[in-house]
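Got your viewer open and a cartoon view ready? Let's take a walk through this one stop by stop, selecting as we go.

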Amino acid sequence: MSVKIRLQRHGKKGKPFYWVVAADARSKRDGRYLEKIGTYNPNTNPATIDLNLDSAVQWLHNGAQPTDTARAILSYKGALLKHHLDGGVRKGALTQEQADAKLAAWLDQKAGKVDAKKEGLSKAQSDAKAKALKAEQEVNAKRLAAAAQAEADAIAAEAAANAPEVEETEEVAEVAAEETQAVEEAPAAEAATEEAPAAEENNETEA
């Protein structure tokens, strides 16, 4: 029986989630399988992969052939490297301790790269948020400045509209003041007019 290591699709529409399975090559993609050896979630960045390394390597030892995507996953998690190192141990090219040390060093290096990628993504996300916040603050500042300018223009326009009324009020006040002064001066003029004939009569009498 030919065995393949391949992906079996799960998850909802638009959000796929895959199982990594060892299955008979004649079975349907999402049909019966011999063993589930891991999961693959491409919806995260970086993708989340959970793999049973020993089971995957054992199936490789038994001759299972991975598909292209499954091979990439096995390579990413170190299953192909362990399979290669185990072959070297069987041939006597290196000891089991040496093989384990090489695998551990490779896994540590891989974990460092993954952590660096996560940090880079986190920093890029933080920078994007900071940039968006700064742009929003600039827009709000411009909006407030425009509102203040519009309010100042409205006040100036209202003041300009009320200016003629003020001038007209001043003219009315001036006219009223002139009329009042004329009214006050009229009795004095009449009194002066009456005193003039009286003075003339007195002069005639004395003469």
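Start by selecting Val20 and Gly38: Gly38 is the bridge partner of Val20 in β3. You're looking at a predicted model, by the way. Now widen the selection to the strands around that pair. β2 and β3 run antiparallel and pair over five bridges. In general, strands of a sheet pair through backbone hydrogen bonds, either parallel or antiparallel.

**Stop: Val21**

Click on Val21, which sits in strand β2. Is Val21 buried or exposed? Its relative accessibility is 0%, so it counts as buried. Show what surrounds it: leaving out residues up to four places away in sequence, Val21 touches Lys4, Ile5, Arg6, Gln8, Tyr33, Glu35, Lys36 and Ile37. Pick Lys36 from that set and check the C-alpha distance. Val21 and Lys36 are 15 residues apart in sequence, but 4.4 Å apart in space.

**Stop: Thr39**

Hop over to Thr39 in strand β3. Thr39 is buried too, because its relative accessible area is 16% and the cut-off for buried is under 20%. Not counting neighbours within four places in sequence, Thr39 is in contact with Phe17, Tyr18, Trp19, Val20, Thr48, Ile49 and Asp50.

**Stop: the whole sheet**

Zoom out and colour the strands. In what order do the five strands of the open sheet lie? Reading across, they go β4-β3-β2-β1-β5, and the pairing is mixed. β4 and β5 are the edge strands, each pairing on one side only.

Next, select residues 3-12 and 15-24, which are β1 and β2. These two strands pair in the antiparallel sense over 10 bridges. For one example, highlight Gly11 and its bridge partner in β2, Pro16. The β1-β2 hairpin has two residues between its strands, and there Gly14 takes a positive phi near 85°.

On to β5, residues 65-66. β5 runs parallel to β1, and two bridges join them. Select Lys4 and you'll find its bridge partner in β5, Gln65.

**Stop: a cis bond**

Head for the loop between β3 (35-41) and β4 (48-51), where you'll find Pro46. Turn on the backbone atoms and look at the peptide bond from Asn45 to Pro46: it is cis, with omega near 0°. As background, most residues other than glycine have a negative phi, and most peptide bonds are trans.

**Stop: the helix across the sheet**

Now select α1, residues 53-61. α1 lies across β1, β2, β3, β4 and β5, running at about 120° to β3. Which residues of α1 are buried? They are Ser55, Ala56, Val57, Trp59 and Leu60. Just after α1, stop at Gly63, which takes a positive phi of about 100°.

**Last stop: two helices meeting**

Add α3, residues 79-91, to your view. The axes of α1 and α3 come within 9 Å and cross at roughly 60°. That angle makes α1 oblique to α3. α1 passes α3 in a right-handed crossing. To see the contact, show side chains for Leu53, Asp54, Ala56, Val57, Leu60 and His61 of α1, then Ala79, Leu80, Lys82, His83, Asp86 and Arg90 of α3. Try colouring them by type: the contact residues divide into six nonpolar, two polar and four charged.

How values were computed
Residues numbered from 1 in each chain as written. Predicted model: local features only at pLDDT ≥ 70, side-chain atom pairs only at ≥ 80, totals over all residues. Heavy atoms only, no water. Helix = DSSP H or I, 4+ residues; strand = E, 2+ residues; numbered from the N terminus. Axes fitted to C-alpha atoms, helices over the stretch in contact; angles between N-to-C directions. Parallel < 35°, antiparallel > 145°, perpendicular 65-115°, else oblique. Left-handed = near helix turned anticlockwise from the far one by under 90°. Contact = heavy atoms within 4.5 Å. Nonpolar A, V, L, I, M, F, W, Y, C, P; charged D, E, K, R; others polar. Pairing = 2+ DSSP bridges. Buried < 20%, exposed > 50% of the residue type's maximum accessible area, 1.4 Å probe, protein only.
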